[in-house]
Amino acid sequence: MNSIRRVPSRVKTKMTETNLVAEREHFDKQQLSSISKAINSNEAPVKEKHARRIILGTYREKGAFTFWSYALGIPLSSNSILSWKFCHVLHKVLRDGHHNSLQDCMRHHGNIVEMGQLWGNLHDRYGQLVALYCKLLCTKMEFHMKHSEIRSNLEVTDEVLERVAGTDVNNVFQLTVKVFDYLDAELRLAETVIRQLNTSIAISTTTSGQCRLSPLVQVIQDCSHLYHFTVKLLFKLHACLPADTLQGHRDRFHDQFHSLKTFFNKARDMLYFKRLIQIPKLPESPPNFLHAASLAKHARPVVVIASEDEPEQQEDDDDDDPEPLINVSDVTMPSMMVPQQFDKFDQTFGPANDRDIQIENLQQDLALLRADLERVKGEAQRYITQLKSQINSLETELEEQRVQKQRALVENEQLRMELEATRRRNAEHEIVQATFGEAETRAQATEQRYTKLKEKHTELVSSHAELLRKSADTVKILSATQQTQEEVERTKQQLAFEVDRIKLDADMKLEEQKFEMKKLKRDFDEKRAEVEHVKGTLQRTEKVGEQLTSSLLALQAEKERLMRSASEKEAELSSLSQAAQLQQSSLQQERERSTRELGELQGKLQEKSRREVQLQQKLLEEQFSLLQGTISEAECIIQDAVAKLDDPLHIRCTSSPDYLVSRAEATLGSIDKVKKGHSDYLTNMGDAGGLLRALTNFSHLAADTIINGSATAHLAPTDHSDRLTENCRGCATQSLQFLKDLKSKASLQRADPASIRIVVEKILRLGEELRPKGMDVRQDELGDLVDKEMAATSAAIEKAVRRIDEMMNQARMDTSGVKLEVNERILYSCTDLMKAIHLLVLTSTDLQKEIVEGGRGAATIKEFYARNSRWTEGLISASKAVGWGATQMVESADKVVLHTGKYEELIVCSHEIAASTAQLVASSKVKADRNSTKLTALQQASRHVNEMAANVVASTKTGQGHLEDKDTMDFSGMSLIKLKMEEIESQVKVLELENQLGNERLRLGELRKKHYDIAGVPAADLSEGNGLDPSPAPVAPSSPKPSKPSVMRKPDLAQKPNLPPKNMFR
C-alpha cells in the first residue's frame, strides 16, 4: 500500500475517473445482458439470477432508469411471450426493487395500458394473459402510489395498516374496496393461467408450463398479504357499521376466499411450486365477521420462499461478470484497463526500475485485494443467508406474539361482553323477582308462624314423652324391688329348710362321720358368712325399698301434677293446631292458585308452540302453492310454444342456426340453475325463491328454443328439419314431465332435468350442423387462396385487355363506316374499363397487404387469414366476381362486335362489374384504417371504375341508337284497315311484352332472393336436402339467338361469402 501513496496525485485522479467510467460501462453492459436474457421470446421461465441482477441494479442506481431505458427498445408488440416475460420481470422489480422504482414505473403507466389493450384485442393465449397481467400491474402501481406507506411487497405490520386505514369509516370502506379490486386482479390472472394449463394439457414440469406458472410465485406472495389485509379491515368495518350495510362486502369476500383457497390447493399439488415456495393453508371456512371473537382464530398466512441454490447453470452465461456486493472501485480497477494505464504512465514518466517495482507491488496488492474481496463476498453471502433465516424466525415469533396479543384482546372483549350479558340477565331476573316478592314475603311469614307453632308442639310432645319415660322407669324400679323382696323371702325359706335339713343330717351323721362334721362345720361357717352377707344385703335392700317407696310416692304426686299440666298443654296445643290448620289451609290455597297460574302459563306456551308449528306448516304450504303456480305458468308457456309448432301461421317464421345455438346454450345454463334451485329447495323448503326464479327463466328460454328450433327447421333440409322438429317436441315433452314431477310432493324428490339436458344438447348439435360452413377450402389454405385469386383476377383482366385489342384489329378488318365507329367506341370504353379494373385490383392488393401487416401482430399471414376466415371468404368472393365480370364483358363485347349478341348484355355486364368492384371495396374497407392513404386510393379507383362502366353503358346505348336510326319505318303503302290491323297487333305485342316484362322482373327478384338464400347455405347441404345440383344452371336467353357459352356461368356459390339470412325470427 505504500507504493500506492508514491503514485503522483494526477495519475491517481486519471485512474479513478477511468475506473468509474469503466465500472459504469460494465454495469450498463451487465444490465443489458441480464435484461436481454431475462426478456426473450423463448417459452421458458425467467431465470432467477438474471432477475436478481436487474433488482440489484435498481438498488445500485436507486431507481429503475436503466431498466426502462433498455425495456423501451424491446419490441413487445411483436411477440406475446416477450410481453409476458416483460410483465414478470416488471412485477419482480416492483416487489423487490428499490422503492424509487415505483415512481419510475409510474411514468410509463400509459405504455403498460396500451400494451394490455393491444394484446387484449387479439385472440392469442399468451395475449389474454398479458392483458390480465398489465391490468394487475396498473392496479398495483395505482394502489401503492395512493397508499405510499404500504410497500410494494405488501410486507407491513398491522400497526402500519391501522395507521393507513385511519379512524374515518369512509376511508376504511374505500381502502377495503381497493384491496378487493387488487385481490380480484391477482386471482383473475391466476385462474386464467391454471385454466389454460388444464385446456392445453400442459404440466408444470415442461418449460411451456413453467413459463406460465413462474409469475404465480409473486401472485401467491401478494395474495397471502392481501387476504390478511381484507380480514383485518372487514373486522374493523363490522365493529363500526351494522351488518346489513356490509352484506355485499361479506359476499365478495366469500367468493374471493373460495377462489383463493382453490388456487392455493391447486398450486400446492403442482410439482413446480413444491421446490420453490411453501404455500400456506387457509381455514376450512371463512371467518365469521359477525362474531368479534373470531378474530382470535385468524392466523396470518405466511409464505416461505425456499432457499435458492447457489451453483446455477452457466451454460449460456459464461461471459457474465458477478455483480459486486462491495464497492472496491477506489482500490481496484478492471484488468482490461491496466495495460492502457501503464502505457500512459510510460508515456508520461518514461521507463524506470522504480516503476517496475511499483508495478509489481501494485499487482501483489491487487492480488491480495482480490483474494480479500472473494473472502468478503463469501462471508457477506453467508451473513446474508444467516440474517435472512434470523429475520424469518423473528418474523414468525413476532407474528405469534401478535396473535397471542390479539387473542388476549379478543378474550378480554369476550369477557366484557359476557359480563354485560350477565348484567342484563341479572336485571331481567330482578324484574321477575320483583313480581314474586310480595308472595314470597307472605309465604315466608306464614312459614315462620307455622314453624313456631310446630316448635311449640314439638316441645310439648317431647316433654310429655320424657315424663312418660320417667314414669315407666319408676314402675320398672318398683317392680324390680318387689321381685327382690320376693327372692329374699324365698331365700330365707330355703335357708331355713336347709338349716333344718342340715341339723337333722348333722345329728344323724354326727357320730358316723366326724370328718364330715368338720367339713360341714367349715361349710356351715362359710354358709353362715354368706347368710350374714345376705342379711346385710337384705337390710340394705329394705332400706332402698323404703327409699324407693318414698320416691315412688313423690313421683306419683309429680305424675299427677304433670298430668294436669299435660291436659292444660293439650288444650293449648289443640287451639294452636286449629290455628295452624287455618294457616296451612290458606297457604294451600295460595299454592293451588300459583299452580293454576303456572298451568295457565304452560298452556299459553304450548298454544304458542302449536301456532308456530301451524305458521311454519302454512309457510311451507304457501311456498309449495307458489311453486305450483309458477309450474302451471311454465307449463302454459311451454304448451303455447308446442302449439306453435302446428300453427299454420308459424310456417312463415324463420330463424338462423346461430340464434338457435345461442338460445340452446342459454337453456342449458338455465337447466343448471334449475337443478341447483331444486337441490336448495329440498334442503330448505321454507325458501323457494331460487327455484321459482330458475323455473321462470327456464320456461321462457325452453319455449324460445322450441319456437326458434321450429323456425330454423323451416329453412333446413328435410332430414335435419324432421330431426329438429322431433327434438323440439321431445324437449317440450320432457320439460312438461319434469314440471309435472315438481308439481307433486310425492315425485318432488326424484324430479331430475337430465333428460331435458340431453334433448337440448341434441338441438344444439343440430343447430351447429346447420351453421354455414365453407365447402372446399380449409382455414389454413385461405391465405394461399387469397393470393391465388387476386393473381388470377389480375391475369384475367390482362387477358381481357389483350382480347379486346385483338377484337379491335379484327373489327377494323371486317367492318367500316358507322359500324366500325360504333365498335371502336365500345371497345375503347371497354379497354378503359379493364385498365380501371386492373388499377383497382392492384390498389386493393396493396391495401390488403397493409391490413394484414397491421393486424396480424406476431402471427403469420396464414394465421391472420385463418383467424378472419369470414372476411377472407368475402374478399375471395369479391375477387372472383370481378374476374368473372371482366371475362363476361369480353365475351359480350365479342358477341356485339360479331353481331351475335345483344347490347343489353354489355350494359348488364357493366352494371355487374360496378357491383363486383363495390363488393371488393366494401370487403377491403371492413378492416382498413379510416385514415389510410391506400384506402383513399382504393376509393378513388372504385369511382374511376364506376365512371368507366358508365362510359361503356353510354357508348353502348349511343352505338345502338346510331344503328337503329338507319331502319326507318315506312307506312305510306298501307291502307286504313291495314294500318288499324297493324296498330292492333302492335298493341297486342306491347301488352305481351309488358306482361313478359313483369314476369321477368318477378323471376329476377326470385332469382336474386334464391341467390342470397343459397349464399348462406353450403351447396352440399342443399343437394342432400333437396336433391338438386349445387351449381346453378345458366339463364337461358329470351331471344332466339344462340345460347350463351359455358363461360357465362358465375362462380360456385361456395366461393361467395356466407351471409346469414336476413329474416331471422325474433
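In this predicted model, F263 makes a good starting point: leaving aside neighbours within four places in sequence, F263 is in contact with L187, A190, I194, L216, V219 and I220. F263 also belongs to the largest nonpolar core, a set of 91 residues. Together with F67, F86 and F273, F263 touches the most other members of that core. Apart from this core lies another one, made up of 44 residues, with I826, L840, M889 and V945 among them.

Stepping back to the whole chain, the protein has 1066 residues, and 37% of them are buried. The secondary structure comes to 29 helices and two strands. As for how the chain folds back on itself, take the contacts between residues at least 6 apart in sequence: 81% of these join residues at least 24 apart.

Two helix pairs show how the helices pack. Helix α5, residues 80-96, packs with helix α7, residues 109-120, at an angle of about 145°, and their axes are 12 Å apart. The crossing of α5 and α7 is left-handed. On the α5 side the contact is made by S80, S83, F86, C87 and L90, and on the α7 side by I112, M115 and W119. F86, then, turns up twice, in the contact with α7 and among the residues touching the most other members of the largest nonpolar core.

The other pair sits further along the chain. Helix α18 covers residues 657-683 and helix α19 residues 689-713; their axes come within 8 Å and cross at roughly 155°. With angles over 145° counted as roughly antiparallel, α18 and α19 are therefore roughly antiparallel to each other. Their crossing, too, is left-handed.

A few single residues deserve a look of their own. Q218 has its place in helix α12, which runs over residues 216-240. Is this glutamine, Q218, buried or exposed? With a relative accessible area of 4%, Q218 is buried, since the cut-off for buried is under 20%. Setting aside neighbours within four places in sequence, the contacts of Q218 are with H88, H91, K92 and R95. L216, one of the contacts of F263, lies in the residue range of α12 as well.

Backbone phi angles bring up two further residues. Most residues other than glycine have a negative phi. K62, although not a glycine, has a positive phi of about 55°. K62 is found in the loop between α3 (48-61) and α4 (65-71), and at 51% relative accessibility it counts as exposed. L154 likewise has a positive phi, near 65°, in a residue other than glycine. L154 lies in the loop between α8 (125-146) and α9 (158-165). So what about the accessibility of L154, buried or exposed? At 0% relative accessibility, L154 counts as buried, whereas K62 counts as exposed.

Finally, a word on confidence. The protein averages a pLDDT of 77, and 82% of the residues score at least 70. Over residues 1-7 pLDDT stays under 50, and the model has twelve contacts beyond four places in sequence for this stretch. Residues 774-780 are another stretch where pLDDT stays under 50, and here too the model has twelve contacts beyond four places in sequence.

Notes: Residues are numbered from 1 along each chain as its sequence is written. This is a predicted model: local features need pLDDT of at least 70, side-chain atom pairs count only at pLDDT 80 or more; totals for chains, interfaces and linings use all residues. Side-chain values use heavy atoms; hydrogens and water are left out. pLDDT is the predictor's confidence in each residue, from 0 to 100. Contact means heavy atoms within 4.5 Å. A nonpolar core is a set of buried Ala, Val, Leu, Ile, Met, Phe, Trp, Tyr and Cys residues joined through side-chain atoms within 4.5 Å. Buried means under 20% relative accessible area, exposed over 50%, partly exposed in between (1.4 Å probe, protein chains only). Axes are lines fitted to C-alpha atoms, for helices over the stretch in contact, and angles run from 0 to 180 degrees between N-to-C directions. Helices (H or I, at least four residues) and strands (E, at least two) are DSSP runs, numbered from the N terminus. Angles under 35 degrees count as roughly parallel, over 145 as roughly antiparallel, 65 to 115 as roughly perpendicular and the rest as oblique. A crossing is left-handed if the near helix is turned anticlockwise from the far one by less than a right angle, and right-handed if clockwise.
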